[in-house]
Amino acid sequence: MRLDGLKKALLRIKMTITTKRLVNFTIIVVILVIWYVISMVVEPIFIPSPVDVFVRTYTVYNEILVSSILYSLMRVFLGFLIGSLVGFVLGIVISWNKILEWLFDPLIEIVRPIPVIALIPLFILWFGLGEIGKVLLIAFGCFVRQVVTTREAIKNVPTVYLKAAQTLGATQRVQLFRTIILPSITPEMIGGLRVTVAAAFGYCAAAEFLGAQSGIGYIIIIARRYLYTFAVIFGIIIFGLLAWGADGIVRYIDRRINVWTERENR
Amino acid sequence: MINLKRFKHIMSLRQILGFSSIISAVLLWYIVSMFVSPLFVPSPKEVFFGSYDLYKEILMTSILYTFFRVVTGFLIGSALGILVGVAMSWNRFIQWILDPIIELIRPIPVIALIPLFILWIGLGETSRIIIIVFASFVVLVINTREAIKNVPGVYINAARTLGASTKARIFRTVIIPAITPEIIVGIRIAAAASFDLAAAAEFIGAQRGLGYIIISAKRFLYTNGIVFGIFLFTLLAWFANIIIRYFDKHVNIWTERGKD
Amino acid sequence: MSRNPGTELGTKIVIRDVDLVYQGRNSEYGDVIALKDINFSVYENEIVTVVGPSGCGKTTLLFLVAGLLKPTRGEILVDEEKVTGPSSQRVVVFQEDAVFAWLTVTGNLEYGLKLKGVSSSKRKEIVSHYIKLVGLEGFESAYPKELSGGMKKRVDIARCYAINPNVLLMDEPFGSLDVITKERMQMELLRIWRTERKTVCFVTHDIEEALFISQRIVILSNRPGKVKRIVKVPFKEDRDLSLKTSDKFQDLRKELWYEISEEVIS
């Protein structure tokens, strides 16, 4: 922000290209090194060494490791898919006309603040420790978010688009929905999807902590009981990687579908 | 469109529809509860009156405990988050160091960290509050950074040409006020997350609080208690939202709300 | 049906005894009379401009002709048929950017045609014809984000022309453009209009613009908007920008300016 800021600005421009990747990579290496050093000084219960986290976890849990990851992934994927789809459809229904909006809005506003995690014991009571309960919980969480996001996105469509479409011949509501509203809300929807995906992993973790016999959360919880901090950290890293990967997929879809949006800083 | 001009004085169509949908939902609940075993769907009456009877001594304390955890954690975490966010925009070096760390932590679902925190700090109050502090912190740091990035450059230039010469002055008089609407959004998100985390933390090992009510009710298969606890949690979250909205209106009198 | 003196063409639009009253929300606010006793006609293939101070209701009047609003009293006839709602026969070019951002230039031009069920080959023909007409060859596959303000307006005009409307309605379409582009667009509009004649109803607060492009000008008074005067513009159809500096033009402009500014003060 000052005169030598010019120099720093040039540096930043350079950094925003592939150099950023290199910097990120070096930072990760640096962190790993620091981690290793610290772990030698501190109790393994608090800071296990990176080697432990990866190698020992594998040795202790290697039969169930891959299947756990798959279980968690499946739950998140199914729950997210079901919840988002239903939420999307309902979001459209509420925005269809004023009567439907006035009818369902209060219900949505009541359901919205419910902390989804607080529902877990109820779902366990209803569905037991099986898959359905967990998938439904994740689906519910995604559903509520998606309805709200869809409703907001539809509300934010510039009115001039709708007016223009009407004067171009789109006089029926269905036409307006199909040709104007759906295409124009895609950027906002994808943004909302990223948040929902991240939340879905959170719900999955909590559900697995509280009532599961499989999955990464299950490994974490069991490991905690044995004070296997290394496995706990491993599970956390896996969750992080999966969430990051899922986010990357959504961002990729975003770039492909939304060719027409004006990008600002992405 | 039906024109019930006569009723406009009593209730608008909007309110009528709104109330009727809520009432029908409750009625539906009632009807279902008559056909299904009370283990799965207890009647609304049982849930509220039965649970109140059972829990009335610890009700106030439980609510206060949970609320206290959420509020403390959330306030500390948010304040820290905003401070660090501002610090990162202020000083390039701080940003350079913290940026990658935050990017690394960002994708991790904070709930997954609960067992780790329990391992590190134990099952006491502190670990529960620390988790909420951490989550609010992460949300608000990212939020503050984005908000500051999005301050229109023209504002800063205008301020400089009007005489704001030091960075401190620009921050204090332009940037901080300009980002308040976006910060409030971040605060909303952090508050919602805090309730989620409080529930999770209380489920895993608390002796007091709403989460404890829910979990012990589950142990005894007392569904009434479970639903009652969920209801109270939701009430708290809704109440917190009202408070935030109140602040929002007061602090952000100047923002233009987009129509339609 | 009267004839436009000096031509063989009849009336296209008849606005008869039109009022528009906005009902007050509560008993406190009362009713707002936006337009009162509007009576005039637009002849076929002429450009009529409606001018007046801000808030006098000129856009409201245009929307009434378009069918986006309904008059409280009176009726509007286009080709002797009453206007009851928006239709592609009365297409509107809005002031804001209404070009659909998610469609290419071609996609935008095809929009109204697709709604009408025009076959794919016919669409191609029509689209390429109008892209040429507005001078956007080479930009067929461009997205609006790649186009300048003036180019986007040309896409809008082409899109409206493509569906072969009865009447072209324009609501301060060049209001958001810079002065140079604005003047270019005025020339462009005249050129396009001379090539393919259409009845045009144009709204603007820019007196020079009104004098430059139209055959007749309707001056609206301040709220409640009433027709103050209808001026016949004496210039020949073949106009270029040098007209704007001619004495006659400037005299007329001053005259109109005084007339309108009395409305603003009162």
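## Three chains, two interfaces

Ile13(C) stands opposite Val42(C), a residue of strand β2(C), and this pair is a handy place to begin a tour of the model. Helices and strands here are DSSP runs, numbered from the N terminus, with at least four residues (H or I) for a helix and at least two (E) for a strand. The model is predicted: local features need pLDDT of at least 70, side-chain atom pairs count only at pLDDT 80 or more, and totals for chains, interfaces and linings use all residues. Residues are numbered from 1 along each chain as its sequence is written, while chains are lettered from A and ligands numbered from 1 in the order in which they are written.

Strand β1 of chain C covers residues 11-22 and runs antiparallel to β2(C), with eight bridges joining the two. Strands count as paired if DSSP finds at least two bridges between them. In general, strands of a sheet pair through backbone hydrogen bonds, either parallel or antiparallel. In chain C, four strands make up an open sheet in the order β2-β1-β4-β5, and their pairing is antiparallel. Which strands stand at the edges of this sheet? They are β2 (32-43) and β5 (81-82) of chain C; each has a single partner strand, so one side of each is left without a neighbour in the sheet.

Taken as a whole, chain C holds seven helices and ten strands. Its C-alpha trace spans about 50 × 50 × 40 Å along the principal axes. The radius of gyration, taken over C-alpha atoms, can be set against a globule rule of 2.2 Å times the number of residues to the power 0.38. For the 266 residues of chain C, a compact globule would have a value near 18 Å, and the 19 Å of chain C agrees with this. Buried residues make up 41% of the 266 in chain C; a residue is buried if 20 or more other C-beta atoms, placed from the backbone, lie within 10 Å of its own, exposed if 12 or fewer, and partly exposed in between. Contacts are pairs of residues whose C-beta atoms, placed from the backbone, lie within 7 Å. Among contacts in chain C between residues at least 6 apart in sequence, 72% join residues at least 24 apart. As for confidence, pLDDT is the predictor's score for each residue, from 0 to 100; chain C averages 87, and 94% of its residues score at least 70.

Chain A offers another picture, with nine helices and zero strands. Its pattern along the sequence reads α-α-α-α-α-α-α-α-α. The C-alpha trace of chain A spans about 70 × 65 × 30 Å along its principal axes, and its radius of gyration is 23 Å, where a compact globule of 266 residues would have one near 18 Å. Of the 266 residues in chain A, 39% count as buried. Residues 24 or more positions apart account for 73% of the chain A contacts with a separation of 6 or more. Chain A is divided into domain 1 (1-41) and domain 2 (53-257), with bounds that come from an automatic or database domain assignment. The C-alpha centres of these two domains of chain A lie 33 Å apart.

How do the chains meet? Of the two pairs of chains that touch, A and B share the most contacts. There, 42 residues of chain B are in contact with 47 residues of chain A. On the chain B side, the elements giving two or more residues are α1 (13-35), α3 (92-105), α4 (114-121), α7 (167-205), α8 (210-219) and α9 (223-251). The largest share of that side, nine residues, comes from α9(B). By class, the chain B side divides into 31 nonpolar, five polar and six charged residues; Ala, Val, Leu, Ile, Met, Phe, Trp, Tyr, Cys and Pro count as nonpolar, Asp, Glu, Lys and Arg as charged, and the others, Gly among them, as polar. Helix α9 of chain B also holds Phe239(B), which counts as exposed with 12 C-beta neighbours inside 10 Å.

Chain A also meets chain C, with 16 residues of chain A in contact with 23 residues of chain C. Two or more residues on the chain A side come from each of α6 (159-167) and α7 (173-210), and α6(A) gives the most, with six. This side of chain A has eight nonpolar, six polar and two charged residues. Chains B and C do not touch, and their nearest C-alpha atoms are 10 Å apart. For the complex, the predictor gives an ipTM of 0.85 and a pTM of 0.83.
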